[in-house]
Protein chains: 2
Amino acid sequence: MKEIGIGIIGLGTVGSGVWEIIRQKGKELLARSDVELQVLRVCDKDSTRKEALGISGSIFTDSWEKVVRDPRVSIVVELIGGMHPAKEIITSALQEGKYIVTANKALLAACGEELLGKGEIFFEASVMGGVPVVKTIKEGLVANRIEKILGVINGTANYILTSMEKGSDYKEALQEAQEKGFAEADPTLDVEGWDSAYKLSILAYLSFGVWIKPEDMLVEGISKLMPGDIEYARQLGYTVKLLAIGKKKGDLLELRVHPALLPLSHSLSGVKGEFNALFIKGDEVGEITLQGKGAGSRPTASAVVSDLVEAALFNLKGTTHAILPPSASLRLADAQNLPLRYYIRFTALDKPGVLSRIAGVLGEKGISIASVVQIERKEGEAVPIIMMTHEARERNLKEALSEIDKLSIIKKETLFIRVENF
Amino acid sequence: MKEIGIGIIGLGTVGSGVWEIIRQKGKELLARSDVELQVLRVCDKDSTRKEALGISGSIFTDSWEKVVRDPRVSIVVELIGGMHPAKEIITSALQEGKYIVTANKALLAACGEELLGKGEIFFEASVMGGVPVVKTIKEGLVANRIEKILGVINGTANYILTSMEKGSDYKEALQEAQEKGFAEADPTLDVEGWDSAYKLSILAYLSFGVWIKPEDMLVEGISKLMPGDIEYARQLGYTVKLLAIGKKKGDLLELRVHPALLPLSHSLSGVKGEFNALFIKGDEVGEITLQGKGAGSRPTASAVVSDLVEAALFNLKGTTHAILPPSASLRLADAQNLPLRYYIRFTALDKPGVLSRIAGVLGEKGISIASVVQIERKEGEAVPIIMMTHEARERNLKEALSEIDKLSIIKKETLFIRVENF
């Protein structure tokens, strides 16, 4: 077992989530990584937050310097966001030889090249919350030259565009997003494309190896769009998305953020609401798409904790990830006994009374019918009868079908397909 | 710079791809990982393959024992598949203290628990080809308890079901898949669900920590389905997919592979043809989906090489992944000069001659019109006119729109949206 000291700076939505995950799941993380994450310092300007989170006064401070200078702290988690004092915190901590875990996309987009030159910074949480896009490009696709990236990477803008697809105008959609917590009181960074541009800057570094600042890119937002545009686009075979686009053609790099018409057949066109997705084209792997929630307390904290484990393993060297050992009592469910819904295709003679005989046998076995469709009519001949059931046990279903298939009105073995409602 | 000796056993479609990637991209991999992968031994039963791939006789052998016993080889890449002699190769190599990289899903499903207890085995390539699902679950989602996994993880079956959606019957669809190289001459393992079950066994280990053998799961294939089933399901609001399902509810684990009705609104219902996708629900991150090609020479080799870099870094300790340095000549493209297509919304008076004046200005700037739609008609009033252009330079477009917006027939600033055709 190896212990590693951690300091968390910033107890906003993400910082609180990180504190809670480590507190609730310390044992599981230890089992999966052989590393014990010990939170030795927590810093926030607002000392009232410590009570709500059950943080003891002995580790709480309102001075980030105390975290950065604590020799027992090996990893500093910067979660205050913005340029200052985030940059000073990271610079000081790197000078002290500490590792950094951060979700600060604006700072990385502005100063990533400078900061990454000074030490080890882990930043999975800076792009698409808990969806491991940084790890995927950096490690999973290490054998690939990335040719294109295409991202729906701002949940606020995508939520608004999805509402506009349903007919809301821009102002209504924005207000709805604000009410549901998907847009901030000042939504400028999100709706005008800057948040996407910060993330594109980081993705372009990972994919193409260069740092390009957002102000050098083409960046446009969605505030001028009308619901009509989205409807006309749909009639033409397109959706409208706020896209972050990176393409490398020879020595020429295209980096742009703007609303775009995307063919309805494209895998990103189905990304709705607050979801994010990134489409990546690599020369070996072809096209891959990663999708998930790009923001929120726990999804983003999930990425921070993944980086914390990564940083701890890297710091302590020579260890790797393990798989969580299961609880001793975990056992495989009996598939014959699960409550599932079923699609059933009977092939039966088309004559009066057939349905009641089938339904009678099903009823005896406790299987109730949700709907019946008989599509073709050919009196006196065999036709398909389609039934959807309510939840039933497969054992009972099979017994019922075995009886039904013995009836003279059934002309072919009955087929059933299980329904998955996720 | 650190060198690491590699032995490749098996020069089939994946093995050839691995050899070619290392040969073609050795320098880039070195730049990204600070590790030089040196292929010191290559083994295949068929010695004619070495000529086609330009492998020198000095490193080629038809004896796997020579690879496993070579003290200069630190990592053995097993790519022959099947149970024997793959199991003997891996067991011997682990005994020699070597690391293993493998794509052998059948062997892992049968003997994963035994083999992983004996040493370090990297197996990203065993599930979903180049899509990093193993890394995602093991590392990216380390902070999560996985609640559900749902996968379309057999490209052959999905290709057939996609053809059946278009009306082919099962036999026609299978034959088409075989002709296109998406199905093998004996497709049993793929269409009867066993290949998915092997992968589900590995995914369940990663997600839930237990090894369950495929023969203990519910496994059913797609060969009994008719095109009618898929059509009826669609009318009921569902697609039919061959799903691999894992769910943990308390101490009860469900593992099943079978055709299932999945709501059309689910993110997996849009996975078409030979594509694979995995939906994962974690308690912190929520729902994430990974999609890509699950098979093929280079996509699978992409995952093998990613594992090779991982294994090399782990073996050599204390190093991590880096970002590829860009070529010195890489530069940002001028966004005003890209050839893009545009959607344009004019707000113009509805009267004769308006279109020809707009088209005239566009024509002067070299912008040609692909289509025009005027949806509303209100003579003498301002209505939207929607135009799609052929490829044009944004600089020219902006000049044209600036002139057009000065015309008295234009009643509102014209809006354009760029079209992305990926």
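Hi everyone, this is a short walk through a two-chain structure, from a single chain to the way the chains fit together. One thing to say up front: this is a predicted model.

Let me start with chain A on its own. Its secondary structure comes to 14 helices and 18 strands. The chain is divided into three parts: domain 1 covers 1-129 + 295-329, domain 2 covers 131-293, and domain 3 covers 335-419. So that you can place them in your viewer, the C-alpha centres of domain 2 of chain A and domain 3 of chain A lie 46 Å apart.

What about the overall dimensions? Along its principal axes, the C-alpha trace of chain A spans about 85 × 55 × 45 Å. For those of you who like a reference value, a compact globule of 422 residues would have a radius of gyration near 22 Å, while chain A has 28 Å. Buried residues make up 51% of chain A. If you take the contacts in chain A between residues at least 6 apart in sequence, 70% of them join residues at least 24 apart.

Now a look at some strands. In chain B there is an open sheet of 6 strands, in the order β3-β2-β1-β4-β5-β6, with parallel pairing. Its edge strands are β3 (60-61) and β6 (121-122) of chain B, each of which pairs on one side only. If you zoom in on that second edge, β5 (residues 99-102) of chain B pairs with β6(B) in the parallel sense over 2 bridges, and Val101(B) has Phe122(B) as its bridge partner there.

Back in chain A, strand β14 (residues 339-349) and strand β18 (residues 410-419) pair in the antiparallel sense over 7 bridges. One position to click on is Thr347(A), which stands opposite Lys412(A) in β18(A).

Keep β18(A) on screen, please, as we move to the other chain. Which strand of chain B does β18(A) pair with? The partner is β10(B), in the parallel sense and over 2 bridges. At that junction, Val419(A) has Leu261(B) as its bridge partner. There is also a link from β10 of chain A: 2 bridges join this strand, residues 252-263, to strand β13 (residues 331-332) of chain B, and the two run parallel. Here the bridge partner of Leu253(A) is Leu332(B).

Those bridges belong to a wider interface. On the chain B side, 101 residues are in contact with 101 residues of chain A. Strand β10 (residues 252-263) of chain B gives the largest share of that side, 11 residues. By class, the side of chain B that touches chain A has 55 nonpolar, 24 polar and 22 charged residues.

Finally, symmetry. How do you lay chain B on chain A? A turn of 180° with a shift of 0.0 Å along the axis does it, with an RMSD of 0.0 Å. The two copies are therefore related as by a two-fold rotation axis. The same surface serves both copies, and 100% of the contact residues of chain B recur in chain A. If you want to find the axis by eye, go to Leu290(B): of the residues of chain B, its C-alpha comes closest to the rotation axis, at 2.3 Å.

That's my tour, thanks for listening!

Notes: Residues are numbered from 1 along each chain as its sequence is written. Chains are lettered from A and ligands numbered from 1 in the order in which they are written. This is a predicted model: local features need pLDDT of at least 70, side-chain atom pairs count only at pLDDT 80 or more; totals for chains, interfaces and linings use all residues. Domain bounds come from an automatic or database domain assignment. Two residues are in contact if their C-beta atoms, placed from the backbone, lie within 7 Å. Helices (H or I, at least four residues) and strands (E, at least two) are DSSP runs, numbered from the N terminus. Ala, Val, Leu, Ile, Met, Phe, Trp, Tyr, Cys and Pro count as nonpolar, Asp, Glu, Lys and Arg as charged, and the others, Gly among them, as polar. Two strands pair if DSSP finds at least two bridges between them. Copies are superposed by least squares on the C-alpha atoms of residues with pLDDT of at least 70 in both. The radius of gyration is taken over C-alpha atoms; the globule rule is 2.2 Å times the number of residues to the power 0.38. A residue is buried if 20 or more other C-beta atoms lie within 10 Å of its own, exposed if 12 or fewer, and partly exposed in between; C-beta atoms are placed from the backbone.
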